[in-house]
Amino acid sequence: GSMNPHERRSSFRQVELEHDNIRAAIRHLIRTGCAEWALRLGAAQQWFWEQQELFTEGRQVFEEILCMRGAEQLTASRARSVYSAATMSYRLNDFAIASNRMQEAVRIFRHLNDGQGLASALLGAGAPMQRLHRFTEARLLVEEAARIWAELGDERARDYALNNLANIAQAE
């Protein structure tokens with residue numbers, strides 16, 4: 001975001017201090033069946049779990065949340081949590097599960113007609129495909145992401161996707 005490094009460190013320290021409370025809040029939301037809020041809070045926590053490399057904890061929590069009654073609706077919150085669960089699986093080198101989850105995120109963002117979410121999920125879906133040596137599928141996913149970002153006028157994101165395409169070609 002637009003935070004300077006000092007603000008980011010300070011904000012991060014605050015989240016670190018609150019992490020036990022956030023854990024308790026997520027547990028409470030799961031226990032009481034508040035799927036929508038569990039999805040939202042889980043997705044908001046992704047960056048913290050990633051920064052702290054708490055991938056196993058993050059994935060476990062997302063899998064619990066995504067299995068909740070009421071969490072199966074095709075909402076933006078579910079799409080973000082599925083994307084986050086895929087990211088955690090990818091970081092744990094579980095590329096098959098990461099790929100399945102990211103494909104689910106693609107389907108939901110497509111259903112919601114959310115171009116930015118869709119492009120992010122397509123790019124995200126390309127990474128585990130590449131690691132699974134499914135280069136043609138990886139390329140098609142990332143090409144679509146680049147097209148969408150070009151249509152949205154996000155040149156930096158498009159360039160990032162094009163760079164990923166070069167990496168896929170190199171790996172091939």
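Begin by colouring the charged residues of this predicted model. The chain carries 21 positive and 22 negative charges, and the mean positions of the two sets lie 2 Å apart.

**The whole chain**

Next, display the chain as a cartoon. Eight helices and zero strands appear, and reading along the sequence gives the pattern α-α-α-α-α-α-α-α. Switch to the C-alpha trace, which spans about 45 × 40 × 30 Å along its principal axes. The radius of gyration is 17 Å, which agrees with the value near 16 Å for a compact globule of 172 residues.

Now show the surface. The chain exposes about 9700 Å², and carbon and sulfur atoms supply 49% of that area. Of the 172 residues, 42% count as buried. Among contacts with a separation of 6 or more, 58% join residues 24 or more positions apart.

**The nonpolar core**

Hide the surface and turn to the interior. Select Ile26, Trp49, Ile65, Met68, Leu122 and Trp149, the residues with the most contacts inside the largest nonpolar core, which has 45 residues. At least two residues of this core come from each of α1 (5–31), α2 (35–51), α3 (55–66), α4 (76–91), α5 (95–112), α6 (115–131), α7 (135–152) and α8 (155–171). Helix α7 supplies the largest share, eight residues.

Centre the view on Ile65. Beyond its neighbours within four places in sequence, Ile65 is in contact with Ile26, Ile30, Ala38, Leu39, Gly42 and Ala71.

Move on to Trp149, in helix α7. Is Trp149 buried or exposed? Trp149 has a relative accessible area of 6%, so this residue is buried. Setting aside residues up to four places away in sequence, Trp149 touches Gln116, Ala119, Ser120, Leu123, Asp154, Ala157, Arg158 and Ala161. Select Tyr160 as well: Trp149 and Tyr160 are 11 residues apart along the chain, and their C-alpha atoms are separated by 9.9 Å.

**Two further buried residues**

Select His19, which lies in helix α1. His19 has a relative accessible area of 5% and is therefore buried. Without counting neighbours within four places in sequence, the contacts of His19 are Gln45, Phe48, Trp49, Leu54 and Glu57. Trp49, one of these partners, was also among the residues selected for the core.

Proceed to Arg101 in helix α5. Arg101 counts as buried because its relative accessibility is 13%, below the 20% limit for that class. Apart from residues up to four places away in sequence, Arg101 touches Glu63, Leu66, Arg78, Val82, Ala85 and Ala86. Add Tyr83 to the selection to see a further pair: Arg101 and Tyr83 are 18 residues apart in sequence, and the distance from C-alpha to C-alpha is 6.7 Å.

**Two loop asparagines**

Finish in the loops. Most residues other than glycine have a negative phi. Asn93 has a positive phi of about 60° although it is not a glycine. Where should one look for Asn93? Asn93 is found in the loop between α4 and α5, and this residue is exposed, with a relative accessible area of 53%.

Then follow the chain to Asn113, in the loop between α5 and α6. Asn113 also has a positive phi of about 60° without being a glycine. With a relative accessible area of 71%, Asn113 is exposed.

Note on methods. Residues are numbered from 1 along each chain as its sequence is written. This is a predicted model: local features need pLDDT of at least 70, side-chain atom pairs count only at pLDDT 80 or more; totals for chains, interfaces and linings use all residues. Side-chain values use heavy atoms; hydrogens and water are left out. A nonpolar core is a set of buried Ala, Val, Leu, Ile, Met, Phe, Trp, Tyr and Cys residues joined through side-chain atoms within 4.5 Å. Buried means under 20% relative accessible area, exposed over 50%, partly exposed in between (1.4 Å probe, protein chains only). Helices (H or I, at least four residues) and strands (E, at least two) are DSSP runs, numbered from the N terminus. Contact means heavy atoms within 4.5 Å. The radius of gyration is taken over C-alpha atoms; the globule rule is 2.2 Å times the number of residues to the power 0.38. Accessible areas come from the Shrake-Rupley method with a 1.4 Å probe; for residues, only the protein chains shown count as cover. Lys and Arg count as positive and Asp and Glu as negative; His and the chain ends are not counted. The place of a charge is taken as NZ of Lys, CZ of Arg, CG of Asp or CD of Glu.
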